[in-house]
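Colleague: Could you take one part of this model and walk me through it slowly, with the terms explained as you go?

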Amino acid sequence: MSSVEKYQGIIPAFYACYDDDGGVSPERTKIFAQYLLDKGVKGVYVCGSSGECIYQSKEERKITLESVMSVVKGKMTVIAHVACNNTSDSMELAAHAESLGVDAIAAIPPIYFHLPDHAIAQYWNDISSAAPNTDFIIYNIPQLAGVALTLPLLKEMLKNPKVIGVKNSSMPIQDIQMFKDAAGPGHVVFNGPDEQLVGGLAIGADGGIGGTYAVMPELYLAIERLVKAGDLPKAREIQNEADRIIYAMCACRGNLYAVMKKIIKLRDGIDCGSVRKPLAALAPEDMAQVDKCRTMIDAAIKKYTK
């Protein structure tokens with residue numbers, strides 16, 4: 001498999017798996033990893049936003065990645081998000097990820113302080129230097145990180161031969177096209193916003209990494225298959241239904257990830273636990289909406305994938 005091909009496809013963002021006391025659970029992490037492997041997705045994106053990374057210690061993130069790799073290494077693509085809000089910790093996680101044999105590491109820019117491009121480039125290159133034999137993916141999510149990937153910054157980063165591409169979670173689909181043009185052959189750009197997977201793939205994204213993929217992977221796999229086959233009307237129909245489900249899940253008082261973890265437990269018996277504070281856990285009044293969302297997912301999968 002080529003270095004580009006292994007990144008082309010549907011890659012769910014891996015959810016943090018906690019025990020009943022709120023600690024990272026290796027056992028539940030392994031079960032969830034096997035669950036996604038069995039769903040037939042291309043890979044997993046571990047310890048990113050959906051993995052609640054900013055609320056976890058380095059040691060907890062290491063445990064999560066070790067648990068995932070013990071189940072899926074060599075069986076699917078693994079991208080480990082290693083960014084912390086300081087360079088030293090990020091480099092430590094990068095070296096750890098490489099020691100486990102991940103396919104790529106990824107990093108958002110430093111958050112809180114808005115750093116100039118040259119400082120962000122230094123941060124990313126320092127992280128990459130700690131995993132010199134591993135591909136590096138830039139994670140562009142300006143609506144949360146507070147800083148956007150610019151074309152000059154991307155071109156500077158492309159001087160690093162380990163930079164394989166961009167996980168683009170900015171909202172304009174145009175960014176995917178611009179980053180693809182700038183990066184050129186041998187690089188990948190992932191569609192980030194789940195709500196626009198069809199548009200992202202249509203304009204040239206190599207695949208998708210998404211936070212809601214794990215709760216309904218069948219729908220996103222169908223979208224990818226249909227776009228590849230040139231059936232955009234049917235792909236758009238499924239996309240619209242997936243978006244309606246996302247909007248419904250976001251209508252709960254509890255955090256979106258708490259909602260999705262509960263739906264997975266109800267649908268498949270996979271217990272990922274709750275979410276870590278300050279993310280809001282499910283409230284009792286959420287359960288009717290959660291059940292509605294579960295029903296919507298079941299109906300969509302039956303309609304579009306059976």
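Which residue takes a positive phi just after α3?

Modeller: Just after α3, the residue with a positive phi, of about 85 degrees, is Gly101. This is a predicted model, in which local features need pLDDT of at least 70 and side-chain atom pairs count only at pLDDT 80 or more, while totals for chains, interfaces and linings use all residues. Residues are numbered from 1 along each chain as its sequence is written, and side-chain values use heavy atoms, with hydrogens and water left out.

Helix α3 (helices being DSSP runs of H or I with at least four residues, and strands runs of E with at least two, numbered from the N terminus) covers residues 87–100. Its 14 residues reach 20 Å from the first C-alpha to the last, close to the 20 Å expected at 1.5 Å a residue, where the expected span is 1.5 Å times one less than the number of residues.

In α3, Ser90, Leu93, Ala94, His96, Ala97 and Leu100 are buried, that is, under 20% relative accessible area with a 1.4 Å probe and protein chains only, whereas exposed means over 50%. Because these buried residues cover an arc of only 165 degrees around the axis, they lie on the same side of α3, the arc being that of the directions from the helix axis to the C-beta atoms. On the other side of α3, Ser88 and Ser99 are exposed.

The buried residues of α3 pack against α2 (58–72), β3 (77–81), β4 (104–107) and α4 (117–129), with contact meaning heavy atoms within 4.5 Å.
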